[in-house]
Amino acid sequence: MNYLRNAWTVAAWASELPPGKLLARTLLDEPLVFYRDATGAPHALADRCPHRFAPLSMGQLCDGGASVQCPYHGLRFDASGACVHNPHGDGRIPQAAKVKSYPIVERWSALWIWLGDPERADAALIPEFSFNAPEHWAVGTGSMVVEAPYELEIDNILDLSHIEFMHPLFASEAVRRGKVECQQDGETVWSKRFMPDDEQVPAFLRQAFQVPQGPIDRWLHVRWNAPASMALWAGGVASGQAMEQGVVSHQAHCFTPESAGRTHYFYSIAFPRAMGPVADELAVQNLAALRTPFEQEDKPVVEAVGRRMGGADLFALKPVLLAGDAAAVRARRLLQALIDKESVA
Ligand code: FES
Ligand SMILES: [Fe+2]
């Protein structure tokens, strides 16, 4: 499987890695172990001891979080992956006793990992998700594993015309007939759906947009960055008013492949702390409200699509293209070009 390696991708939500814990997770077919050192800084190592190949994630943190001890015969490895302790024989450290370590950065409530050339791992390249900064935002986070190729999730989020058919909770005819614009800005792709004069806004959305009656101008803006890190802004305002006056929900939908057919889905919804204590309540409530459609509506259909495609490339199957497909097609082509560029480099 050819993955894009020279890109930051979400490995976990920061909250999934409390101090003292070893977290095992396979990304891009590479088994990894994650932990925090005594300062709280996250680290990622290959999860396979070079002695008899035991998973380090079955071992324990030692030396106050400075090293990970293999569960089998007790070799210890520091954050650079170097073996720092050999409890056997004369204690000499064999030269080959090292594991790979990976650049990892905690930012925007997430742990971002770089699985490509470490020399190129510039933290400035992490896509901007400032609405997930916990200092200023109440952030509700969730995750799930989807048994489908991650590219199908790019299609799902960049083409929200499926809302009317798949998500009765958010359904409104206006979503389908909305005008969609696809834009590209360097290596960033946007899908901007504008739905003017929506008269049939579901009650809870009407409440969220704080427009008790009358038509609402709604929009769904999605920003994609490779490989599959997407931000989604869902906004609404009384028809005719400026978008700046509206209420906007800020969401992240980030996907990292575990393997060709299995994907880690990291989602979040955030509300500004400036709203007061209600921001935390809203984050919890809205996250719970989103979980059901994600798990019970998107996931089964996306997984079934994956099974029907049987591992074939989307374009090789000559898919019928509809109006809402432009952004996903653009993102997929850009992603493939980035992957191709890596494989010839
Ligand atoms: S397998 Fe790790 S020390 Fe033996
Ligand atoms: Fe959906």
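1. Let's start with one hairpin-style question: in which sense do strand 2 and strand 3 pair? They run antiparallel, with five bridges between them, and strand 3 covers residues 30–36. One contact to look for when you open the structure is Leu23, whose bridge partner in strand 3 is Phe34. Keep in mind that this is a predicted model.

2. Zooming out, that pair belongs to an open sheet of four strands. Reading across, the order is 2-3-4-9, and the pairing is antiparallel. Strand 2 (23–27) sits at one edge and strand 9 (101–102) is the other edge strand; each of them pairs on one side only.

3. Now for strand 1, residues 8–13. How many of its residues are buried? Six of six, so described because each falls under 20% relative accessible area. Strand 1 is joined to strand 11 (residues 110–114) by five bridges, and the two run antiparallel. If you want a residue pair to click on, take Thr9: its bridge partner in strand 11 is Ile113.

4. Last, have a look at Met58. You'll find Met58 in the loop between strand 4 (42–46) and strand 5 (60–62). Buried or exposed? Met58 has a relative accessible area of 61%, and the cut-off for exposed is over 50%, so Met58 counts as exposed. As for where Met58 lies relative to strand 3, the C-alpha atoms of Met58 and Val33 are separated by 9.3 Å, with the two residues 25 apart along the chain.

Terms used
Residues numbered from 1 in each chain as written. Chains lettered and ligands numbered in written order. Predicted model: local features only at pLDDT ≥ 70, side-chain atom pairs only at ≥ 80, totals over all residues. Heavy atoms only, no water. Pairing = 2+ DSSP bridges. Buried < 20%, exposed > 50% of the residue type's maximum accessible area, 1.4 Å probe, protein only.
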